[in-house]
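Student: I am new to this structure and would like to go through it by question and answer. Please show it to me, and then we can start.

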Amino acid sequence: MTELFAYTDGACSGNPGPGGWGALLIAKDGDTVLKERELSGGEENTTNNRMELLAAISALDALERTSKLTIVTDSSYVKDGLTKWIHGWKRNGWRTSAKKPVKNEDLWKRLDEAASRHDVTWEWVKGHAGHTENERADELARSGMAPYKA
């Protein structure tokens, strides 16, 4: 049975500063990799959290049809935001429990919409801990940032 995984990461040089995002999409049958696709991009002046969000959005938007997949991220901000916090934000008119505007509301809305088209399981992994696919996603994020660094 084919399983689909998206390993996502964001990077920023300064926060804010030049940033990049990366996503590694892998289709597997058991331990056998059937197909891989690498995505990356960046912006001149951004934050790490925005790049983490764009990595997940880009991975979901790259899928041509509704899919069941696992998104693996080292960002608890992204995982917890979409699986826990977003429900309250929507209920509160995109305000936090402290009644402040939700940061990155534009990207949260895009991620929510993109995720709603798929059956997504969210998984967190510790970053920079030798997880092969997470390290590759980090490399993609840094390569996406490279054109914007002085």
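Student: Is K109 buried, partly exposed or exposed?
Tutor: This is a predicted model, and the class follows from the relative accessible area. Buried means under 20% and exposed means over 50%. K109 has a relative accessibility of 38%, so it falls in between and counts as partly exposed.

Student: Which residue meets K109 in a salt bridge?
Tutor: The two side chains meet at 2.7 Å, N to O. Both partners lie in helix α3, 4 residues apart, so about one helical turn separates them. The partner is partly exposed, at 25% relative accessibility. It is E105.

Student: How many salt bridges does a search of the whole structure find?
Tutor: Among them is the pair of R50 and D106, whose side chains meet at 2.9 Å, N to O. E36, E38 and R136 are linked in a network of salt bridges. The search of the whole structure finds 9.

Student: How many residues apart in sequence are the parts that R50 and D106 tie together?
Tutor: R50 lies in helix α1, residues 48-61, and D106 lies in helix α3, residues 105-116. D106 is partly exposed, at 42% relative accessibility. Because the two residues sit in these two helices, the pair ties together parts whose separation in sequence is 56 residues.

Student: Which residue forms a salt bridge with D61?
Tutor: D61 lies in helix α1, and its partner is in the loop between α3 and β5, so the pair ties together parts that are 56 residues apart in sequence. D61 is partly exposed, with a relative accessible area of 41%, and the partner is also partly exposed, at 32%. The closest N and O atoms are 2.8 Å apart, and the partner is R117.

Student: Now the aromatic rings. Is the pair of W89 and W108 stacked or edge-to-face?
Tutor: A pair of aromatic rings is described by the distance of the centres and the angle of the planes. The centres of W89 and W108 are 5.1 Å apart and the planes stand at 65 degrees. An angle over 60 degrees puts a pair in one class, so this pair is edge-to-face.

Student: In which helices do W89 and W108 lie?
Tutor: Both residues are buried. They are 19 residues apart, and the pair links distant parts of the chain. W89 is in helix α2, residues 76-91, and W108 is in helix α3.

Student: Which residues form one aromatic cluster?
Tutor: A search of the whole structure finds 6 aromatic pairs. One of them is F5 with Y7, which is stacked, at 6.1 Å centre to centre and 20 degrees between the planes. Both F5 and Y7 are buried. The cluster is formed by Y77, W85, W89, W94 and W108.

Student: What is the phi of W94?
Tutor: Most residues other than glycine have a negative phi. W94 is found in the loop between α2 and α3, and it counts as buried, at 13% relative accessibility. Its phi is positive, near 60 degrees.

Student: Is K99 buried or exposed?
Tutor: K99 is found in the loop between α2 and α3. Its phi is also positive, near 70 degrees. The cut-off for one class is over 50%, and K99 has a relative accessibility of 59%, so it counts as exposed.

Student: Which residues does a cis peptide bond join?
Tutor: Most peptide bonds are trans. In this one, omega is about 15 degrees. One partner, P16, is found in the loop between β1 and β2. The bond joins N15 and P16.

Student: Which strand gives the most to the lining of the largest pocket?
Tutor: The largest pocket has a volume of about 550 Å³. Of the 21 residues that line it, the closest to its centre are T2, L4, A27, L63 and S67. The lining divides into 9 nonpolar, 5 polar and 7 charged residues. With 4 residues, the strand that gives the most is β1.

Student: Is T73 buried or exposed?
Tutor: T73 lies in strand β4. It touches residues including T8, E52 and W124. Its relative accessibility is 1%, and therefore T73 counts as buried.

Technical notes: Residues numbered from 1 in each chain as written. Predicted model: local features only at pLDDT ≥ 70, side-chain atom pairs only at ≥ 80, totals over all residues. Heavy atoms only, no water. 1 Å grid on protein atoms, 1.4 Å probe; cavity = no way out; pocket = protein on both sides within 12 Å on 5 of 7 lines; lining within 4 Å. Points joined across faces, edges and corners; volume = space filled by probe spheres on them. Nonpolar A, V, L, I, M, F, W, Y, C, P; charged D, E, K, R; others polar. Buried < 20%, exposed > 50% of the residue type's maximum accessible area, 1.4 Å probe, protein only. Contact = heavy atoms within 4.5 Å. Salt bridge = Lys/Arg side-chain N within 4 Å of Asp/Glu carboxyl O. Phe/Tyr/Trp six-rings, centres within 6.5 Å; stacked < 30°, edge-to-face > 60°. Lists of a residue's contacts leave out its neighbours within four places in sequence.
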